[in-house]
Amino acid sequence: MKRLRIGVVCTLILSGFFAPRCPAAIYQSNGTASNVQSILNNQAQNGDTVTLPAGILYWTTGVTISKAITLQGAGVGTTVVRDSVQSGQLIQVTLAAGNLTRITGIEFQDGGRTNRASGIMRVVGSNTNGSKFRFDHCKWNDLNGASVFDTVIGVIDHSTFVIDRTGLPINIYGSYWNGRTLGDGSWAAPTGFGSSQFLFIEDNNFTHSNPYQEGITDSYAGGRFVVRHNNIFNCLIANHGTESTGRERGGRAMEVYNNTFTGTDINRFVGNVRSGGVLFHDNAISGYWSNSATFSLQNFRSFHPFEPWGGADGTNPWDVNSPTVFFTGTAAANSSGTTVTVSGANWTPNYWAGYTLRRTTDTCNSGTINFSWILSNTSNTITYVNNGIYPGESATSFCTGDSLEIRRVDRALDQPGRALGSLITGNPPSRPAGWNNQVTEACYSWNNTTGNALVNFAAFPGVRANLDYFNNTRMPGYTPYVYPHPLVTAQPPPPPPPTPPPSGTCSNIQQRLNRLRQRRQQLQQRHRQNRQLNRKIRRLQQQLRAQHCV
């Protein structure tokens, strides 16, 4: 390991006091995880840089970073870190208060990790202590797992993500927003669209060769992020809602703009949001089912219950419900698929679309979910969402004579287009006094194009047009955050890769090294040592590194 000082020379004041610390240092590691960790533990301080040499570096143990350092490689394709860790993170970062931590100039590849990891790289920060993070000029090349960024303020930029093996390379959380847990603090705090308080994903390339669509993001626990100025191939932007992940809340907010989406007509969705606010604007889209590209908004609790929140069935106190029972009746016959015939009904077609159907008896002991979101109706039938979404589940069913009623959920907990509300605490959660006092912050879509057609939101169960979202409408008062991100303009890119050695140089050095190693092995078999021979071997190893042969 070599240590280089940059900047002015520091002196000691020989009066019992030390001068302030010298300017940032550069520590040249040998590229092993253990050496990098040793430098981080024993030498590097906030503001320093730890470099990785050129070569293919197999890491069988992870590296933990808790100081505001820069981990810098020699460039994509030149410094390659292969993930051979079998348990835990390859890189675990805890951001230092008031400082920037950066990872740059490294290609990450799979090195034989057996089981998929949800956090090959895990970065944990804070929105209140001034910590920042930048991941730039890197390549995430088909690793067996994803990265996790929890309560991170910063930017991921000028990187390439190849995701053939596993999608969703970037997972954004806001677990610890304002010092809370489970995303509760993020949901209770103002959204701040157009501000710096997001994880920005900008000027990257996302690609894969699978015959199906992949996601490039997922978001949980109040996560907040911005996706802008990226090239995205056969992928979509997504988050989770307050539902299938249990007590943890859903994604809180996202902005998606000035991206280029390119597809091969394998899917129509450029986005899928299940909770929180979305601003979707100025994106160029092609190859997403020709001119039928769309960004879907939906609320899963509108047709399925999830612990500990239950389902949005029109009676759940976590939601805002109309107090009116709009209809009561009985099933005239056993349901057929997801359609039930109702005795004595004579309705206007589709009058009940967007309401909630509840079965209030279960005479056949079907055990199926007792409610669902109404898709349509005829004069005497109702068709509802197929909510048998897990293995072994069947859709809501009715037997002849089953009692039923129609209710309406006005607003569901954390659904798309909802925000704020009193702080929820506890596990299981406790409803604050006066709940549900969340407010509507509608989603907005404008100026997204595919050919000559416009691309906008499409409403799925639990979401209503011109209430929870507005198409072809700019959000009033909104201005995007400055681009490029200030962390990008304030820092130079990593140095270019070193010049390759002349043809034959590496092989000549390696041949000489092999001969000396063979000679040393012969001496060892005779229980003899030659210190001069060992020094020659070390010099040749240093030459290989200096010539960037390893």
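P484 sits in the loop between β45 (469-471) and α3 (486-489), and the peptide bond leading into P484 from Y483 is cis, with omega near -5°. Keep in mind that this is a predicted model: local features need pLDDT of at least 70, side-chain atom pairs count only at pLDDT 80 or more, and totals for chains, interfaces and linings use all residues. Residues are numbered from 1 along each chain as its sequence is written, and side-chain values use heavy atoms, with hydrogens and water left out.

A quick word on labels: helices (H or I, at least four residues) and strands (E, at least two) are DSSP runs, numbered from the N terminus.

**Unusual backbone spots**

- Here's the background: most residues other than glycine have a negative phi, and most peptide bonds are trans.
- Besides the cis bond before P484, there is a cis peptide bond joining E307 and P308, with omega about 0°.
- P308 belongs to the loop between β30 (294-297) and β31 (320-321).
- D142 isn't a glycine, yet its phi is positive, near 60°; look for D142 in the loop between β13 (139-141) and β14 (145-150).
- D142 counts as partly exposed because its relative accessibility is 24% (buried means under 20% relative accessible area, exposed over 50%, and partly exposed in between, using a 1.4 Å probe and protein chains only).
- N350 is not a glycine either, and has a positive phi of about 65°.
- The home of N350 is the loop between β33 (339-341) and β34 (356-359), and N350 counts as partly exposed because its relative accessibility is 45%.

**Strand β22 and its partners**

- Strand β22 (residues 224-228) is mostly covered, with five of its five residues buried.
- In a regular strand the side chains alternate between the two faces of the sheet.
- You can see this in β22: R224, V226 and R228 point one way, F225 and V227 point the other way, and all are buried.
- Strand β18 (residues 199-202) runs parallel to β22, joined to it by four bridges (two strands pair if DSSP finds at least two bridges between them).
- Across that pairing, F200 stands opposite V226 in β22.
- β22 also pairs with strand β25 (residues 253-257), in the parallel sense and over five bridges.
- In this second pairing, V227 stands opposite V256 in β25.

**A five-strand sheet**

- Strands of a sheet pair through backbone hydrogen bonds, either parallel or antiparallel.
- Five strands build an open sheet in the order β20-β24-β27-β30-β44, and the pairing is parallel.
- Its edge strands are β20 (214-215) and β44 (457-459), each of which pairs on one side only.
- Within this sheet order, strand β27 (residues 269-273) runs parallel to β30, with four bridges joining them.
- Here V273 stands opposite L297 in β30.

**Two buried residues to look up**

- N171 is part of strand β17 (residues 170-173), and N171 counts as buried because its relative accessibility is 7%.
- A polar atom of the N171 side chain lies 3.0 Å from the backbone oxygen of L168.
- Leaving aside neighbours within four places in sequence, N171 is in contact with A146, S147, V148, F149, D218 and Y220 (contact means heavy atoms within 4.5 Å).
- I424 is found in the loop between β39 (418-419) and β40 (439-440), and I424 is buried, with a relative accessible area of 1%.
- I424 and G185 are 239 residues apart along the chain, but their C-alpha atoms are separated by 8.2 Å.
- Again leaving aside neighbours within four places in sequence, the contacts of I424 include D184, R247, R249, W309, W318 and W435.

**Helix α4**

- The 21 residues of helix α4 (residues 505-525) should span 30 Å at 1.5 Å a residue, and the end C-alpha atoms are 31 Å apart, which agrees (the expected span is 1.5 Å times one less than the number of residues).
- T505, I509, L513 and L523 are the buried residues to find in α4.
- Seen down the axis of α4, its buried residues fall within an arc of 75°, so they line one face of the helix (the arc is that of the directions from the helix axis to the C-beta atoms).
- An α-helix has 3.6 residues a turn, so residues three or four places apart point the same way.
- Turned away from the buried side is the face of α4 that carries the exposed residues R515 and Q525.
- After α4 comes H527, whose phi is positive, near 60°.

Terms used. Polar contact = N/O pair within 3.5 Å; in protein donor to acceptor, adjacent residues only side chain to side chain.
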